[in-house]
Amino acid sequence: MSTPFPTSSSSSSGSLGSGTGSSMDSSTSGGNLRGSDTLERATTKAHEALDRAALRAGPAVTQLREKTASAVESLKARMQDMSAMQGQALESARTQVRANPLAAVGIAAAAGYLLGALLRRR
């Protein structure tokens with residue numbers, strides 16, 4: 001099976017890698033050393049850049065965590081307040097229905113009629 005690009009394990013019958021001791025073969029060993037050095041420098045610089053970015057981002061991440069935690073606590077407090085208000089509204093509605101059962105039935109019938117009329121139109 002032939003690959004479109006020559007590799008170190010491909011045979012010398014390939015169209016690009018054919019040749020015996022061409023100048024390309026002799027220059028690649030020196031090129032590999034220079035390429036390796038270049039790759040090493042690029043890797044080192046990339047690591048340094050990431051370290052600098054992490055140092056700059058650290059305080060921002062900490063601040064974001066603090067603000068998020070504060071928002072979560074605020075939302076929890078609001079949720080508890082809403083739950084308490086829901087309980088109070090439910091108890092108030094129960095008290096009103098017990099005090100005025102006929103009015104509650106009339107209101108429920110009117111609400112059912114309006115809801116039915118709205119749903120029929122769609």
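At 42% relative accessibility, R94 counts as partly exposed, and this residue is a convenient place to start a tour of the chain. The model shown here is predicted. The side chain of R94 meets that of E91 in a salt bridge, with a nitrogen-to-oxygen distance of 3.9 Å. This pair falls inside the cut-off, since a salt bridge calls for a side-chain nitrogen of Lys or Arg within 4 Å of a carboxyl oxygen of Asp or Glu. Side chains of opposite charge can pair when their charged atoms come close. The two partners both belong to helix α1, which covers residues 23-99, and because they are three residues apart there, about one helical turn separates them. E91 is likewise partly exposed, its relative accessible area being 41%. By the rule applied, the count for the model comes to one salt bridge.

E91 takes part in a further contact, this time through its backbone. The backbone oxygen of E91 lies 2.9 Å from a polar atom of the T95 side chain. T95 is itself a residue of helix α1, and with a relative accessibility of 43% it counts as partly exposed.

Another threonine can be followed in a similar way. T43 lies in helix α1, where a polar atom of its side chain is found 2.8 Å from the backbone oxygen of L39. The relative accessible area of T43 is 34%, so this residue is classed as partly exposed.

Stepping back to the whole chain, two helices and zero strands are present. How much of the chain counts as buried? Of its 122 residues, 0% do, buried meaning under 20% relative accessible area. The accessible surface comes to about 11,100 Å², and carbon and sulfur atoms account for 62% of that area.

Finally, a word on confidence helps in reading the picture. The average pLDDT of the chain is 81, and 73% of the residues score at least 70. Where does pLDDT stay under 50? This is the case over residues 8-27, a stretch for which the model has four contacts beyond four places in sequence. Helix α1 begins at residue 23, within this stretch of pLDDT under 50.

Key:
Residues numbered from 1 in each chain as written. Predicted model: local features only at pLDDT ≥ 70, side-chain atom pairs only at ≥ 80, totals over all residues. Heavy atoms only, no water. Helix = DSSP H or I, 4+ residues; strand = E, 2+ residues; numbered from the N terminus. Buried < 20%, exposed > 50% of the residue type's maximum accessible area, 1.4 Å probe, protein only. Areas by Shrake-Rupley, 256 points an atom, 1.4 Å probe, with all protein chains shown as cover. pLDDT = per-residue confidence, 0-100. Contact = heavy atoms within 4.5 Å. Polar contact = N/O pair within 3.5 Å; in protein donor to acceptor, adjacent residues only side chain to side chain.
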